[in-house]
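Open the model in a viewer and keep the selection tool at hand. The stops below go from a single residue out to its surroundings and back.

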Amino acid sequence: QLSRKAIGDEAESLACAYLSKRGLSLRTRNYRCRGGEIDLIMQDDDSLVFIEVRYRKNTGYGRAAETVTAYKQRRLVHCAQVYMQRHRAWNMPARFDVVSIEGEAGNLRVDWISNAFEAAS
């Protein structure tokens, strides 16, 4: 039985490989700041992409992507702002994507939701 952290790490690795095959390049994983964490920060051409990875073994209580609540979105936006400030990346376009992974090994469904939500101004 894998721990929640191990399962999360596995899902993030799968999402990273999935997005890399589609042309994105990894900048950093598990970026932490006070008040939040971003699973993956990748680059897509000239854009920074902040990615939340969600995994659900079964969807009886809802889809994985549905678990990215407004509260979670605010925390991601805050953390992205900190990252952009610390890395002097204010001039770069940025977006928030969600990768949802559902199912069990051997029968996984990966959905990439590009521009899943916007940073409220």
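Select Asp-97, which is found in strand 4. The model is a predicted one. Is Asp-97 buried or exposed? Its relative accessible area is 0%, and since buried means under 20%, Asp-97 counts as buried.

Show side chains next. Those of Asp-97 and Arg-95 are joined by a polar contact of 2.9 Å. Then expand the selection around Asp-97, leaving aside its neighbours within four places in sequence. The residues in contact with Asp-97 are then Val-49, Phe-50, Ile-51 and Glu-52, together with Trp-112, Ile-113, Ser-114, Asn-115 and Ala-116.

Now colour strand 3, residues 47-56. Strand 3 and strand 4 are paired in the parallel sense, over 9 bridges. To find one place along this pairing, pick Glu-52, which has Val-98 of strand 4 opposite it. Strand 3 is mostly covered, with 7 of its 10 residues buried.

Move to Ser-47, which also belongs to strand 3. Ser-47 has a relative accessible area of 14%, and is classed as buried because that is under 20%. Which residues are in contact with Ser-47, leaving aside its neighbours within four places in sequence? They are Met-42, Met-92 and Pro-93.

From there, add strand 2, residues 36-44. Strand 2 runs antiparallel to strand 3, and 5 bridges join the two. Two positions are worth labelling on strand 3: Val-49, the bridge partner of Met-42, and Leu-48, which stands opposite Gln-43. Follow the chain round the turn as well. Strand 2 and strand 3 form a hairpin with 2 residues between them. Asp-45, in that turn, has a positive phi of about 55 degrees.

Zoom out to the sheet. How many strands does the open sheet have, and in what order? There are 5, in the order 1-2-3-4-5, and the pairing is mixed. The edges are strand 1 (25-33) and strand 5 (107-117), each of which pairs on one side only. From one strand to the next, the twist averages 30 degrees.

Turn on the helices. Helix 1, residues 4-21, packs on the sheet and touches strand 1, strand 2, strand 3, strand 4 (94-104) and strand 5. The direction of helix 1 makes about 15 degrees with that of strand 2. Helix 2, residues 70-86, also packs on the sheet, where it touches strand 1, strand 2, strand 3, strand 4 and strand 5. The direction of helix 2 makes about 110 degrees with that of strand 1.

Stay on helix 2 and place a distance between its end C-alpha atoms. The helix has 17 residues and reaches 24 Å from its first C-alpha to its last, close to the 24 Å expected at 1.5 Å a residue. Select its buried residues: Lys-72, Leu-76, Val-77, Cys-79, Ala-80, Val-82, Tyr-83 and Met-84. What covers these buried residues includes strand 1, strand 2, strand 3, strand 4 and strand 5. As a last stop, step just past the end of helix 2 to Arg-88, which takes a positive phi of about 45 degrees.

Notes
Residues numbered from 1 in each chain as written. Predicted model: local features only at pLDDT ≥ 70, side-chain atom pairs only at ≥ 80, totals over all residues. Heavy atoms only, no water. Pairing = 2+ DSSP bridges. Helix = DSSP H or I, 4+ residues; strand = E, 2+ residues; numbered from the N terminus. Axes fitted to C-alpha atoms, helices over the stretch in contact; angles between N-to-C directions. Contact = heavy atoms within 4.5 Å. Buried < 20%, exposed > 50% of the residue type's maximum accessible area, 1.4 Å probe, protein only. Expected span 1.5 Å × (residues − 1). Polar contact = N/O pair within 3.5 Å; in protein donor to acceptor, adjacent residues only side chain to side chain.
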